[in-house]
Structures are given as C-alpha cells and as structure tokens.
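I opened a new page for this chain and wrote down what I looked up, entry by entry.

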Amino acid sequence: MRLSLLFSLFLCLLIVSCKDTTANDSSVQTSNTEHDTISTIDSSITEAVYIIDSLEQSLIDAGLVNVQDSIPEIFIDLRYSDTNNFMHKDVYGHLNRAYVQPDLIPDLRKSLLFLKEKNASLSLLIFDAVRPRSVQQIMWDVLDMPIHEKTKFVSNPKNGSVHNYGAALDITLCNSDGSPLDMGADYDDIRLIAYPKYEQAYLDSGMLNTEQIENRKLLRETMKAGGFHGIQTEWWHFNRYSRDICREKYQIVE
Ligand SMILES: [Zn+2]
C-alpha cells in the first residue's frame, strides 16, 4: 500500500515535470518564432528606408552629406527623382535625399533660423541639390532641341555647373506640412514670369500678385542670410559660391 502510494506520487511528479518541460519548450519555440518574424519585418523596413544605390553611394564617396541628417526640419522633393519635371523623366532613380558639400550645412542652418525668426510656421523645401555631371548629361541628351533652347532648361554639362559641385540648391519656402508657397510660377518654369528680374513688370501687369512677390522676396532674404545668392532667371536657384570659387574649393561630382 505504501509502495503503491509512493509509485503513484512518483508518476504524478513525472507527468507534471513532463508537462512543464513541454510548456517551456513550446513557449521558447513560440518566442523564437515571433522574434524571427520581427527580425524579418525590421530588416525589410530598414532595407525599404535605407536603399543606397550606386548613384547615392557615389555622392557619399565624393564626401557629400545628406541635408536631412543634419537639418531634419528641411523638406525634400527631388523633382528629377520623379516624372514631375520638364523632361517627364525620372533621372535619379532611388535617390530621394538631397546631398551637398558639408560646409554648406551651417550656412543652410543659418538660412532656416532666419526664416523661423520671421515666421516659425514656415520651412524650406529642396527640389534639387548636388546634380552629378553624368545626370546632367542625361538631361542634356534627353532634350531634342537646338543648343540655345536646351540651355534654357539645363546648363551645358561640358562647362560644369555649381550644382555639379554640390554648392547650389533649387529651393523654395513651404508650410509646416511641406506644401510649397505660391511663387507665381512652378519650379523649372522657363517662362519669363519665373525670372526675378521681371517681377516688377509682372506685378504691374497683374500676372503676379503681391503675395507671390513677397514670397519670392522672403525666399531671397532667407537664402542670403546663409550666404546664398540667387540668379536673375530662376526664382528657385541659389548658389553658395561662384563657379570660379567652386573650381578652387571642390571637385566636380561626375
Ligand atoms: Zn538650379
């Protein structure tokens, strides 16, 4: 009787022990499976966000920096990485980040601070930054028109442009949601209405309104605060340095 009781007790303990082991194993197994699934999802998200193709790698290798790494408040909409441009062609592929020479970052930050002091709800939106000469060559070749017409859209890649050095920006003012302010002419509009030098004439004719002119002026003041200079034919284009100074300071990004 005592032996039988002892045997029963031993049997019970064995069953409980087996159950526990099974439960533990199963829990470990479940946990591993979940972990594996999470790892898979995480790595796929990481890959989706951080695709760096050969074009972007060549910019990094050339010593350029991603503007948003230093100034995340600035919005980016690379229009040549989409078909929403004068060529209706995507020439940047996966590239959707704006790269510039590293010494432009503090200057750009000065510009943004100036703008925020004027109006804290506004920010900057970059349409194009460094433009490798090979990409400019593609743009040049896509345009099927005489050279004097082509230069209205894109400068001759043979000469090198300040964009090729990573020291020019195509940029505008935007709201806190990244929507661009009205400048009276879209980015890359080659009509004279996009020329800063004709703004007064277009204001007088009523084709540009006061708000559009004020927006353009604020953009120029903002960029000037960081040492950037506009040009007479494109309201969106700003050089940090002249082409001659760029030749001394930098290498063309091919
Ligand atoms: Zn430009």
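**Entry 1: the zinc site**

I started at the metal and found the zinc ion coordinated by His 163 through NE2, Asp 170 through OD and His 237 through ND1, at 2.0 to 2.1 Å. I noted that the model is a predicted one. I then wrote out the spacing of the donor residues along the sequence, which is H-x6-D-x66-H. Are His 163 and Asp 170 buried or exposed? I looked up both, and both are buried.

**Entry 2: the chain as a whole**

I stepped back to the whole chain, which has 254 residues. I listed ten helices and seven strands. Of the residues, 41% count as buried. The chain exposes about 14,400 Å², and carbon and sulfur atoms supply 55% of that area. I also looked up how far apart contacting residues are in sequence. Among contacts between residues at least 6 apart, 71% join residues at least 24 apart.

**Entry 3: the sheet**

I traced an open sheet of five strands and wrote its order as β2-β4-β5-β7-β6, with mixed pairing. Which strands are at the edges? They are β2 (75-76) and β6 (229-230), and each of them pairs on one side only.

Next I looked at one pair inside this order. Strands β4 and β5 run antiparallel and are joined by five bridges. Asp 128 stands opposite Asp 170 in β5. I had already met Asp 170 as one of the residues that coordinate the zinc ion.

**Entry 4: the nonpolar core**

I looked up the largest nonpolar core and found 64 residues in it. Leu 108 and Ile 126 have the most contacts inside this core. Several elements give two or more residues to the core, among them α4 (105-118), β4 (123-128), β5 (168-174) and α9 (210-225). Which element gives the largest share? It is β5, with five residues.

I followed Ile 126 further, leaving out residues up to four places away in sequence. Its contacts include Val 67, Phe 75, Leu 78, Ala 98, Leu 108 and Ile 171. Asp 170 is also on the list of residues that Ile 126 touches, so I marked it again, as a buried residue.**Entry 5: two buried polar residues**

I turned to Ser 123, which is found in strand β4. Is Ser 123 buried or exposed? Ser 123 has a relative accessible area of 2%, and it counts as buried because the cut-off is under 20%. Its side chain reaches the backbone oxygen of Glu 73 at 2.9 Å. Leaving aside neighbours within four places in sequence, I listed the contacts of Ser 123, including Glu 73, Ile 74, Phe 75, Leu 112, Thr 172 and Cys 174.

Then I looked up Gln 136, whose place is in helix α5. Gln 136 has a relative accessible area of 0% and is buried. What does Gln 136 touch, not counting residues up to four places away in sequence? I wrote down Arg 131, Val 154, Ser 155, Asn 156, Pro 157, Ser 161 and Asn 164.

**Entry 6: Arg 109**

I went to helix α4 to find Arg 109. At 36% relative accessibility, Arg 109 counts as partly exposed. Beyond residues up to four places away in sequence, Arg 109 touches Ser 70 and Ile 71. I also checked Arg 109 against Met 223. The two are 114 residues apart in sequence and 10.0 Å apart in space, C-alpha to C-alpha.

**Entry 7: two positive phi angles**

I ended with backbone angles. His 88 has a phi near 55°, a positive value in a residue other than glycine. Where is His 88? It lies in the loop between β2 and β3. With a relative accessible area of 62%, His 88 is exposed.

Asp 188 has a positive phi too, of about 65°, although it is not a glycine. I found Asp 188 in the loop between β5 and α8 (199-205). Is Asp 188 buried or exposed? Its relative accessible area is 13%, and I entered Asp 188 as buried.

Technical notes: Residues are numbered from 1 along each chain as its sequence is written. This is a predicted model: local features need pLDDT of at least 70, side-chain atom pairs count only at pLDDT 80 or more; totals for chains, interfaces and linings use all residues. Side-chain values use heavy atoms; hydrogens and water are left out. Donors are N, O and S atoms within 2.8 Å of the metal (3.2 Å for Na, K and Ca); water is not among the atoms, so sites may look incomplete. Buried means under 20% relative accessible area, exposed over 50%, partly exposed in between (1.4 Å probe, protein chains only). A nonpolar core is a set of buried Ala, Val, Leu, Ile, Met, Phe, Trp, Tyr and Cys residues joined through side-chain atoms within 4.5 Å. Helices (H or I, at least four residues) and strands (E, at least two) are DSSP runs, numbered from the N terminus. Contact means heavy atoms within 4.5 Å. Accessible areas come from the Shrake-Rupley method with a 1.4 Å probe; for residues, only the protein chains shown count as cover. A polar contact is a pair of N or O atoms within 3.5 Å; within protein, one must be able to donate a hydrogen and the other to accept it, and residues adjacent in sequence count only if both atoms are side-chain atoms. Two strands pair if DSSP finds at least two bridges between them.
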